[in-house]
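Please walk me through this protein model. I am new to structures, so keep the steps short.

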Amino acid sequence: QIIDLCFFAAFAVELSLRLSVDKPKEFFFGMEAPWNIVDVLATLLLGMEVLTPGITVGNTSFLRSLRLCRHVRALRIVKLLHSMRMFRRLLASMSTVIIPLIATLCLLGFTVYIA
């Protein structure tokens, strides 16, 4: 239960930071709106489970089915991994170019210094 509380705190902080960075209109109606709504639902559901552990609210089977929102949130990791793959590719291409770039700049600097 303490672990759930820590996750809830982390998700709530992340959600509030994202909401403060994006305008509410962009957050709820922009390109990322479906994912943002899933995040809000998952965080609210986790908060209900953590903050009211002994209290059942409404249909508990419905609340259990809403737990899928938390699992759908994990699908965002797939999107993150795709962008990480592109970032790694960018870093790899930059690392292959950096040595010839430094050599070129040294030659250019040497040429300017001589002239």
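The paragraphs below go from the overall fold to single residues.

This is a predicted model, in which local features need pLDDT of at least 70, side-chain atom pairs count only at pLDDT 80 or more, and totals for chains, interfaces and linings use all residues. Residues are numbered from 1 along each chain as its sequence is written, and side-chain values use heavy atoms, with hydrogens and water left out.

Start with the fold. The protein has 6 helices and 0 strands. Helices (H or I, at least four residues) and strands (E, at least two) are DSSP runs, numbered from the N terminus. Along the sequence, the pattern reads α-α-α-α-α-α. Now look at contacts, meaning heavy atoms within 4.5 Å. Among contacts between residues at least 6 apart in sequence, 67% join residues at least 24 apart.

Next comes the surface. Accessible areas come from the Shrake-Rupley method with a 1.4 Å probe; for residues, only the protein chains shown count as cover. The accessible surface of the protein is about 9200 Å². Carbon and sulfur atoms hold 76% of that surface. A residue is buried under 20% relative accessible area, exposed over 50%, and partly exposed in between (1.4 Å probe, protein chains only). Of the 115 residues, 17% are buried.

Helix 3 covers residues 33–51. How far apart are its end C-alpha atoms? They are 26 Å apart. The expected span is 1.5 Å times one less than the number of residues. For the 19 residues of helix 3 this gives 27 Å, which agrees. Several residues of helix 3 are buried, including Ala 33, Asp 39, Leu 45 and Gly 47.

Take Gly 47 in helix 3. Gly 47 counts as buried because its relative accessible area is 6%. Its C-alpha lies 8.0 Å from that of Leu 5, although the two are 42 residues apart in sequence. Leaving aside neighbours within four places in sequence, Gly 47 is in contact with Phe 8 and Thr 52.

Now turn to charge. Side chains of opposite charge can pair when their charged atoms come close. A salt bridge here is a side-chain nitrogen of Lys or Arg within 4 Å of a carboxyl oxygen of Asp or Glu. The count comes to 2 salt bridges. In one, Arg 18 meets Glu 14 at 3.1 Å, N to O. Both lie in helix 1 (residues 2–21), 4 residues apart, about one turn of the helix. In the other, Arg 18 meets Asp 39 at 3.0 Å, N to O. Arg 18 lies in helix 1 and Asp 39 in helix 3, so this pair ties together parts that are 21 residues apart in sequence. Glu 14, Arg 18 and Asp 39 are thus linked in a network of salt bridges. Arg 18 and Asp 39 are buried, whereas Glu 14 is partly exposed at 31% relative accessibility.

Aromatic rings come next. Rings of Phe, Tyr and Trp (its six-membered ring) pair if their centres lie within 6.5 Å; planes under 30 degrees apart count as stacked, over 60 as edge-to-face and the rest as tilted. The structure holds 1 aromatic pair. Phe 27 and Phe 28 form it, edge-to-face, with 4.9 Å centre to centre and 85° between the planes. Phe 27 is buried at 0% relative accessible area, whereas Phe 28 is partly exposed at 31%.
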